[in-house]
Amino acid sequence: MQSGHMSRKRALEILKLLARDYSEVGSELNHENTFQLLVATMLAAQDTDRKVNEVTKSLFEEYRSPDDFLKLSRDVLAQKISRIHYCRAKASNILSMCRTLVEKFGGEVPRTREELMELAGVGRKTANAILSYAYGIPAIAVDTHVHRVAQRLGLAKEREVQKTELVLQALIPEEWWIRAHNSMVLHGRRVCTARNPRCRQCGVAHLCAARQDLRRTESPVDNRQDG
């Protein structure tokens, strides 16, 4: 799929600046192994990393593997993660995921997107995050932050997340996928926030399509974004 949004050269210019500002690479979800990262990523859907880290601090001290989690009933696990949104549904998915890992994958988290997506509660975004963060396999996990940043910077204009992923894959060289994903997530969380983005702190504001559009229209929103 070819992107008609901007040249690869300009996209790389933006991504190199973002990578300079966010040199750290890796998930902000606390974990000690790939299985724990998978559980934490599932818990983080429609919730914050901060809250997930608070919940998993004690959870992961006691339960470190699929076999450990399978000792729990759904109701007990739901109680342990009760601060997380949709805790009962997530508890069910986590236990089902653990059973599949044990029965089909020898207790190990698989290394392909297709196999990861066989697990309950694991969609394309979560699978891509595991590939990227855990295994260093090039992938772009388009979450709400990546989607928003891509649209504002003019890297993609699609409204659907999966289409945004395809556009970014076509636009960005594969060797940049992990750094691009990581930088865009952090930029979306720390600077290019959904409400009141910190444009004056943005290292790519001079290249931002949304910023340029606001200046052309002299929208009053521009003043709020500088706050």
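1. Ser132 is a convenient place to enter this predicted model, and its position is in helix 8, which spans residues 124–135. The residue is buried, its relative accessible area being 5%. When residues up to four places away in sequence are not counted, Ser132 touches Ile137, Ala139, Ile178 and His181.

2. His181 also belongs to the contact between helix 9 and helix 11. The axes of helix 9 (residues 144–153) and helix 11 (residues 177–190) come within 8 Å and cross at roughly 90°, and the two helices are therefore roughly perpendicular to each other. On the helix 9 side the contact is made by His145, Val146, Arg148, Val149 and Ala150, which meet His181, Met184, Val185, His187, Gly188 and Arg189 of helix 11. Sorted by class, this contact of helix 9 with helix 11 comprises five nonpolar, four polar and two charged residues.

3. Turning to the aromatic residues, the structure holds two aromatic pairs. One of them joins Phe35 and Phe69 in an edge-to-face arrangement, with 5.5 Å from centre to centre and 75° between the planes. This pair links distant parts of the chain, since Phe35 lies in helix 2 (residues 34–43) and Phe69 in helix 4 (residues 66–69), 34 residues apart. Phe35 is buried at a relative accessible area of 5%, and Phe69 is likewise buried, with a value of 0%.

4. Tyr63 and Phe69 also form a pair, in which the ring centres are 5.8 Å apart and the planes stand at 55°, so that the pair is classed as tilted. Tyr63 is buried, with a relative accessible area of 9%. Through these ring pairs, Phe35, Tyr63 and Phe69 are linked into a cluster, and Phe69 takes part both in the edge-to-face pair with Phe35 and in the tilted pair with Tyr63.

5. On the cysteines, a search of the whole structure finds zero disulfides. Why is Cys202 not bonded to Cys208? The closest cysteine sulfur to that of Cys202 is the one in Cys208, and at 6.3 Å it is too far for a bond, given that a disulfide is assigned to sulfur atoms within 2.5 Å. For Cys208, the closest cysteine sulfur is in Cys192, at 6.3 Å, which is again too far for a bond. Both residues are set apart from the solvent by the accessibility criterion, for Cys202 counts as buried at 19% relative accessibility and Cys208 is buried with a relative accessible area of 10%. The value of 19% for Cys202 should be read against the cut-off, because buried means under 20%.

6. Two backbone positions deserve a look in the model. Gln46 has a positive phi of about 60° although it is not a glycine, and its place is in the loop between helix 2 and helix 3 (49–62). Gln46 is exposed, with a relative accessible area of 60%.

7. The other position is Asn196, which is not a glycine either and nevertheless has a positive phi, of about 50°. Asn196 sits in the loop between helix 11 and helix 12 (209–217). Is Asn196 buried, partly exposed or exposed? At 47% relative accessibility, Asn196 counts as partly exposed.

Terms used
Residues are numbered from 1 along each chain as its sequence is written. This is a predicted model: local features need pLDDT of at least 70, side-chain atom pairs count only at pLDDT 80 or more; totals for chains, interfaces and linings use all residues. Side-chain values use heavy atoms; hydrogens and water are left out. Buried means under 20% relative accessible area, exposed over 50%, partly exposed in between (1.4 Å probe, protein chains only). Axes are lines fitted to C-alpha atoms, for helices over the stretch in contact, and angles run from 0 to 180 degrees between N-to-C directions. Helices (H or I, at least four residues) and strands (E, at least two) are DSSP runs, numbered from the N terminus. Angles under 35 degrees count as roughly parallel, over 145 as roughly antiparallel, 65 to 115 as roughly perpendicular and the rest as oblique. Contact means heavy atoms within 4.5 Å. Ala, Val, Leu, Ile, Met, Phe, Trp, Tyr, Cys and Pro count as nonpolar, Asp, Glu, Lys and Arg as charged, and the others, Gly among them, as polar. Rings of Phe, Tyr and Trp (its six-membered ring) pair if their centres lie within 6.5 Å; planes under 30 degrees apart count as stacked, over 60 as edge-to-face and the rest as tilted.
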